[in-house]
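User: Can you walk me through this model? I'd like to start with the ligand site.

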Amino acid sequence: MNAEFNSNIRILTAPNMPTLFKSLAELLEKIENTRKRLEITALTAEFLKNLAPEEVEPAVSMILGRPFPKWNPKTLDVSWTTLTAILQTVTGAGWNVFGEAFRGTGDIGSATKSVFEQAKLKKQAQLLEKELTVTEVRRILEAIAEITGSGSREKKERLITTLLSQASPVEAKYLVKIFTGEMRTGLHEGLMEQAVAKAFEVPLATVQKASMAMGDIGEVAAMAKTGGKDALANVGFKLFRPVKLMLAQTAADVAEALEEHGGETAFEYKYDGARVQIHKQGSEVRVFSRRLTDVTRSLPETVEVVKANVKTANAILEGEVIAVDAAGSPVPFQHLMRRFKRVHEVTGMAEKIPVRLFLFDVLYLDGKSSLIAVPYLQRRQVLAENAGDIPLTTQIVTSDRDEAERFLKRAIDAGHEGLMAKKLDSPYTPGTRGKSWLKIKPVLEPLDLVIVAAEYGYGRRHSWLSDYYLAARDAETGEFQTVGKTFKGLTDVEIVEMTKRLKAFAVSEEGNRVIVLPKIVVEVAYNEIQKSPKYRSRMALRFARITRIRDDKDAEDADTLERVRMIYERQFAKKGRYKAE
Ligand code: AMP
């Protein structure tokens, strides 16, 4: 650890002095410059320890790149276009200067810092550095989030301009990262839990359990600061606070799933829809998406069906909603996603696509504090007893491989994606992607990739961004690495809309190519993964085509490089070769 840095933190966070945002920014810079997890948690713990109680949650949220706690429905709702315009006003630098800085660093935060440094040298524009505190920054972020209605864009712009013009280069770097949700320092939530445990001397397992139940590590940290271990020991689920989702790994086929689950398992249809977590308290029902955002307003019929069928006063249920046409047959997922788009994108989308709910889990019911430790089969039983007429996912429990194969075929023939295998005695483990749930999709499974750049097309498509660079996430660094490129799969209407969306995320332009913030996730089918020197990942998808736009997923939910590599290697295993080389 760097002694100079530590002493810096101490000076800036002396007792009774409000913590400066600058020391938070410096901590982040230090974290970004190390890959050593132990050092990251030690530095963060040291910083947290010195905070005043009211500073803990805002600081933890901001270190993780969030303006507010995760479950909080407040959003800043500031577009990248607005932000770049403000950056230009504040620094006096043109778009090309920013683009140049971005090309040098590949990171919008670092590009911002560099442009601010240049502006400072030249004593340009409106930089009036003033000492910002953590609490003050949070207050301003809240004020920005609260602005709505007519003229809100200008009002937000004014506040952000004032904030950024007070910022030093390093502060501006991290403010921009918070505004855009592009923190990516390598400090993820798991490491933050370790830092909190260390800072406030609470066992890690206690912190993890509390964080899972409260849905936010920032608030847990604040509780740990004031009440220590005892305060965390008793936190339970809170209704209307979404619980982190249990996720699935992939199995190659039903045989692998059976083996992994000890010879017998439950197979369920894997529906091609969107995950929902439903909370009910008395007559109020709220629905949360896979991103844990509140989508209640988008799904009134889901709310109604739960109200009409679930008789217990309190419940937390999980299921999948699928879109259906007037005759009740499933319709493409894309239609459903349109209902989930963020509020500012919804305008003009009055059209209603009916949805159907299939339930598959229960986490909480009246009287019982939590059902997550109860084995899957029992939870399923409890769910069946409390779901009324709401259908559960179609399921079989079997140890017979042929029966499982037939069930998979039935699922595919009925238009579903494949199967989920669920280990019979497994608890519900929030926030983990373990082997207790395995998804089985036939053929070469599609990948969820992030668009990181796009090129204008030719001929008819010359003014549209129609050729997309597709990237997978490096789970270690949070970076995105290109694994393919495609101009196939979207309709003209979708390309026009995609062009608009990508332009709003443009960071720099290189000839025909526009580099964009990694925001939009698409599902991509392909015929093969090849070894290729073209990209840094050294892999390239062959015949890639977009099969759908995954507006329900964040870039963080995209497939990892490791997964792409695994599929790449599996291809060779199937062809009877041992090595991927
Ligand atoms: P994936 O999004 O490919 O990681 O697959 C996991 C997702 O499948 C879950 O998050 C659910 O949205 C969805 N899903 C569909 N059917 C089921 C089911 N029967 N059980 C659990 N998840 C399901």
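Analyst: Sure. Two strands, β2 (265-270) and β8 (418-422), each supply at least two residues of the shell around the ligand. Keep in mind that this is a predicted model.

User: Which element gives the largest share of that shell?
Analyst: That is β2, with 3 residues.

User: How many residues are around the ligand, and which come nearest?
Analyst: There are 14 around the ligand. E268, R275, E320, K422 and K439 come nearest.

User: What classes of residue make up the shell?
Analyst: The shell has 9 charged residues, 4 nonpolar and 1 polar.

User: Which ligand atom does E268 approach, and at what distance?
Analyst: A polar side-chain atom of E268 sits 2.8 Å from a nitrogen atom of the ligand. Y271 also approaches a ligand nitrogen atom, with a backbone N or O atom at 3.0 Å. R275 has a polar side-chain atom 2.8 Å from an oxygen atom of the ligand.

User: And how much of the ligand does the protein cover?
Analyst: The protein covers 96% of the ligand's accessible area. On its own, the ligand has 490 Å² of that area.

User: Back to β2. What does it pair with?
Analyst: β2 pairs with β7, antiparallel, over 4 bridges. Within that pairing, T265 is opposite T398 of β7.

User: Which residues of β7 are on its covered face?
Analyst: In β7 (residues 395-398), I396 and T398 form the covered face. Q395 and V397 form the uncovered one.

User: Why the every-other pattern?
Analyst: Side chains in a regular strand alternate between the two faces of the sheet.

User: New topic: β10. Is that strand buried or exposed?
Analyst: Buried. All 10 of the 10 residues in β10 (residues 447-456) are buried, so the strand is largely enclosed by the rest of the structure.

User: Which strands does β10 pair with?
Analyst: One partner is β11 (residues 465-473), antiparallel, through 6 bridges. Another is β15 (residues 521-525), also antiparallel, with 4 bridges. Then there is β14 (residues 513-516), joined by 3 bridges and antiparallel too.

User: What stands opposite A453 in β11?
Analyst: Y469. On the β15 side, V450 faces V521. In β14, V514 is the bridge partner of A454.

User: Let's switch to helices. What span should α2 have, and what does the model show?
Analyst: α2 covers residues 21-32, which is 12 residues. At 1.5 Å a residue it should span 16 Å, and its end C-alpha atoms are 16 Å apart, so the two agree.

User: Which α2 residues are buried?
Analyst: F21, S23, L24, A25, L27, L28, E29 and I31 are buried.

User: What about spacing in a helix, which residues point the same way?
Analyst: An α-helix has 3.6 residues a turn, so residues three or four places apart point the same way.

User: Where is T81, and how far is its C-alpha from that of A506?
Analyst: T81 lies in helix α5 (residues 80-91). Its C-alpha is 8.0 Å from that of A506, although T81 and A506 are 425 residues apart along the chain.

User: Why does T81 count as partly exposed?
Analyst: Its relative accessibility is 43%, so T81 counts as partly exposed. That class runs between 20% and 50%.

User: Last one: where is G65, and is it buried or exposed?
Analyst: G65 lies in the loop between α4 (53-63) and α5. G65 is buried, because its relative accessible area is 8%. From G65 to V176 is 9.7 Å, C-alpha to C-alpha, with 111 residues separating them in sequence.

Conventions. Residues numbered from 1 in each chain as written. Predicted model: local features only at pLDDT ≥ 70, side-chain atom pairs only at ≥ 80, totals over all residues. Heavy atoms only, no water. Buried < 20%, exposed > 50% of the residue type's maximum accessible area, 1.4 Å probe, protein only. Pairing = 2+ DSSP bridges. Near = heavy atom within 4 Å. Polar contact = N/O pair within 3.5 Å; in protein donor to acceptor, adjacent residues only side chain to side chain. Areas by Shrake-Rupley, 256 points an atom, 1.4 Å probe, with all protein chains shown as cover. Nonpolar A, V, L, I, M, F, W, Y, C, P; charged D, E, K, R; others polar. Expected span 1.5 Å × (residues − 1).
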